[in-house]
Amino acid sequence: MTTAALPLRRRSRAGGLLAGLVRGVLHRWLPLAILVVCWEAATRVADSAFFPPPSEIVKRMREMWFSGPADHLFLTTKAGDSIAPSLGRMALGLLLSTVAGIVLGLALGRSEKALAYLNPVLQFARVIPPPTLVPVFIVLFDLGTQMQVASIIFSAIWPILLNTADGVRTVDPVQMDTAETFRMSAADRIRFIIIPSALPKIFAGLRLALSLSLILMVFSELLPGTSDGLGFELTNAQSQSDLPTLWSVIVLLGILGYLFNTILLAVERRVLTWHRAARKVAS
Amino acid sequence: MDKVTGMLEITGLGHAYGSHRVLQGMDLKVSQGELVTIVGPSGCGKSTLLRCIAGLIRPSEGKVVLNGTPIDGVPDGLAVVFQDYSRSLLPWLTVRDNVALPLRRRGTGKAERRAQAVRALASVGLDDAASKYPWQLSGGMQQRVSIARALAYRPSMLLMDEPFGSVDAQTREDLEDLVLQVHRAEGMTILLVTHDIDESVYLGDRVVVLARNPGRIREELPVSLPAARDQIGTRAAPEFVRLRAEVGRLVRGGAAKDGPPTVHEKPVR
Ligand SMILES: Nc1ncnc2c1ncn2[C@@H]1O[C@H](COP(=O)(O)OP(=O)(O)OP(=O)(O)O)[C@@H](O)[C@H]1O
Ligand SMILES: [Mg+2]
């Protein structure tokens, strides 16, 4: 390789990378951009009060939530009053269901008998549409945060629990034999063998739990007894026929859902590098 | 033989998986510090025998006594190199951490455990694979990792189930000599299962030949070769040649007489 050829090659490779990146972004976002442009045009032509143009929705979102001072990350007080409580409850609900789901799933998955006995009950509990239980929780718990977090937990825990139990059951018996011959402690077995081998399944459960908890977060806030949150914002705007705000909340929920999922996928990709690589080698 | 303390004592051992009888009426004594090789045709129950000795399965008949106490569960100071070596390694840990993992209960610090792991890896010729993952290695290298893991653990008894099955000839000879060396240096009691008749004679203080249908001991042959062995000289010794022929005759002749291995659906494990 000559010294003259090197910089040339490097430049062209960097150029290729950039072009690839641009192409990737275009492919991903172009359909959405076209849709928004069409929507904008259509709503302007139709001039309907029910369907404000996207530009107006964005303006409203900015005014309501993102026009705060720079040292508050541009968030307004209103954002703090409606987005923060919602996200707080969702995070708490998801955290508790993850911890409880994994712990219970581990216990169930290790005990063939317990799983066999409880499986019908679990499957039954899982298929109950979670929103139908919200009225029950309203009766059982204090209105507000307690009831809302309970609703989130009751819907989000099932996929985590069942997936963990399933993942734990499929631990390679040769690995367990190895742990046994080396007389590893129960804690070490759980930490170094059982949880890592169940992790791919646990993550699949987490993805489901994430979208369920977002749904239940909003749904539980739509009910009477709520005083803040995005769902509350939604009912409020509806009663005042404030359609731009209504649409703003809907768009924000979409963005949040997308964002959370992207973050979870990134974490999963990092944590399960070995899993994807080992699978690729095996095939 | 000068060692007298019966370390491992197997009497009337028999095992059946459900209605499928695999082992029957086995009696075997292994002294402290002895290296016993076990040869036998495929499917005669060699792995099952090792699993009974390791305390991983409770035999349906007979008993296994170790240092005077009947085995109930895995005894302390035991290491096993499984036939399914690749499945016994954890794909989410590096090779070094795989080897270091069993050392956790010894209470040594993390750095020390890792140093021990790296030393064990070096002894099987895998110095530069320490930070790789098991699935990045060839089958033979994975097999050496599982051997390194057992050696790093410094067991007083080592059970090896066809430990050199997928390494190349040169590495195989090196590993055979490594086993002889740790056996001599640390006085480790070793039971080694092999398919290879030459290997059984080259390594063993004693060769146990198994027969199949059901699995039982056909013959025990003491190996009167000197303890110091080398790949070229030992294999040319008249005693080696004689023993090899005899073991070969026992294995092949027996296999022909006892019929093919019973085809039995082995549950996917
Ligand atoms: N877990 C099990 N359940 C039922 N049958 C089994 C099980 N494990 C082994 N067997 C059967 O027991 C017999 C002996 O198996 P084993 O693995 O002990 O033989 P082996 O001598 O180690 O064979 P190989 O040389 O192929 O490793 C075989 O017929 C096998 O199908
Ligand atoms: Mg076997």
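Visitor: Which residues is Leu158(B) in contact with, leaving aside its neighbours within four places in sequence?

Guide: In this predicted model, Leu158(B) is in contact (heavy atoms within 4.5 Å) with Ala79(B), Val81(B), Ala150(B), Leu151(B), Met188(B), Thr189(B), Ile190(B) and Leu191(B). Local features need pLDDT of at least 70, side-chain atom pairs count only at pLDDT 80 or more, and totals for chains, interfaces and linings use all residues. Residues are numbered from 1 along each chain as its sequence is written, chains are lettered from A and ligands numbered from 1 in written order, and side-chain values use heavy atoms, without hydrogens and water.

Visitor: What makes Ser47(B) partly exposed?

Guide: Buried means under 20% relative accessible area and exposed over 50%, with partly exposed in between (1.4 Å probe, protein chains only); Ser47(B) has 24%, and is therefore partly exposed. Gln83(B), with 36%, is likewise partly exposed.

Visitor: Why are Ser47(B) and Gln83(B) called donors to the magnesium ion (ligand 2)?

Guide: Donors are N, O and S atoms within 2.8 Å of the metal (3.2 Å for Na, K and Ca), and because water is not among the atoms, sites may look incomplete. Ser47(B) through OG and Gln83(B) through OE1 coordinate the magnesium ion at 1.9 to 2.1 Å, so both meet that limit.

Visitor: How do you know that helix H8 of chain A falls short of a straight helix?

Guide: The expected span is 1.5 Å times one less than the number of residues; H8(A), a DSSP run (H or I, at least four residues), has 36 residues and would reach 52 Å if straight, but its end C-alpha atoms are only 42 Å apart.

Key: Helix = DSSP H or I, 4+ residues; strand = E, 2+ residues; numbered from the N terminus.
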